[in-house]
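Please open the model in your viewer and keep the sequence panel beside it, since the tour moves from one selection to the next.

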Amino acid sequence: MPKERGQKVIVSNRKARHDYSILDTYECGLVLVGTEVKSLREGKASLADAFATVDDGEVWLRNVHIPEYTQGTWTNHMPRRTRKLLLHKREIEKLIGKTKESGLSLVPLSMYFKDGKVKVEIALAQGKKAYDKRQTLAKRDAERDIRKAMGRALKGRFTE
């Protein structure tokens with residue numbers, strides 16, 4: 001059987017980009033058991049309430065819901081168990097410093113297969129206030145209006 005190549009997204013956390021301002025991103029490996037991988041290959045997972053923590057020099061992914069594998073037996077996994085993330089020691093030390101001193105959070109953005117291995121993209125993020133969210137929406141709407149006007153101008157249809 002040939003090796004898998006490329007990247008296949010399993011699940012992404014779109015709400016994270018709405019609720020947090022992303023400062024830095026990291027790609028992490030994930031320690032899984034066999035039935036979790038099989039369930040992920042079916043495209044089943046949820047990052048809705050997920051977050052990451054740094055405990056005793058290790059990074060842990062919490063509250064990720066990977067449902068039980070339907071053809072699994074008594075060896076099936078717990079759906080919301082805590083899973084270990086695999087990062088380099090320098091990256092973990094940097095994350096420890098950032099999360100302790102400045103009160104930033106670690107939020108998972110997406111989970112995907114990369115060359116046959118499950119990877120998680122986590123972000124060092126700062127929570128947005130309500131007015132920040134409104135500013136982001138207003139900015140996005142203004143950019144959309146500008147693109148529409150530019151498109152009309154290029155096609156020769158001016159409207160006032």
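Which residue forms a salt bridge with Arg83, and how far apart are the closest N and O atoms? Before answering, bear in mind that this is a predicted model. Select Arg83 together with Glu36, and you will find the two joined in a salt bridge whose closest N and O atoms are 2.8 Å apart. The pair links distant parts of the chain, for Arg83 belongs to strand β5 (residues 83-86) and Glu36 to helix α2 (residues 34-41), with their positions 47 residues apart in sequence. If you add a surface display, note that Arg83 and Glu36 are both buried.

Next, go to helix α4 (residues 130-155), which holds both Arg144 and Asp141, three residues apart, about one turn of the helix. Their side chains meet in a salt bridge, with an N to O distance of 3.2 Å. Arg144 is partly exposed at a relative accessible area of 36%, and Asp141, at 34%, is likewise counted as partly exposed. Returning to the earlier pair, add Arg81 to the selection, and you will have a network in which salt bridges with shared partners join Glu36, Arg81 and Arg83.

A further pair to select is Lys44 and Glu42, whose side chains form a salt bridge at 3.5 Å, N to O. Here Lys44 has a relative accessible area of 34% and is partly exposed, while Glu42, at 38%, also counts as partly exposed. Across the whole structure, a search finds seven salt bridges.

Now hide the charged side chains and turn to the nonpolar interior. The largest nonpolar core has 27 residues, of which Leu85, Leu95, Met111 and Ile122 touch the most other members. Colour the elements that each supply at least two residues of this core, and you will have β1 (7-12), β2 (20-30), β3 (51-55), β4 (58-62), α3 (89-102), β6 (105-114) and β7 (117-127). The largest share, four residues, comes from β7.

Which residues is Leu95 in contact with, once its neighbours within four places in sequence are left aside? Centre the view on Leu95 and select Tyr26, Val54, Val59, Leu87, Leu106, Ile122 and Leu124, which are its contacts on that basis.

As a last stop, select Ala16, Val107, Ala123 and Ala125, which are among the five residues of a second, separate core. In soluble globular proteins, nonpolar side chains tend to be buried together.

Notes
Residues numbered from 1 in each chain as written. Predicted model: local features only at pLDDT ≥ 70, side-chain atom pairs only at ≥ 80, totals over all residues. Heavy atoms only, no water. Salt bridge = Lys/Arg side-chain N within 4 Å of Asp/Glu carboxyl O. Buried < 20%, exposed > 50% of the residue type's maximum accessible area, 1.4 Å probe, protein only. Core = buried A, V, L, I, M, F, W, Y, C linked by side-chain atoms within 4.5 Å. Contact = heavy atoms within 4.5 Å.
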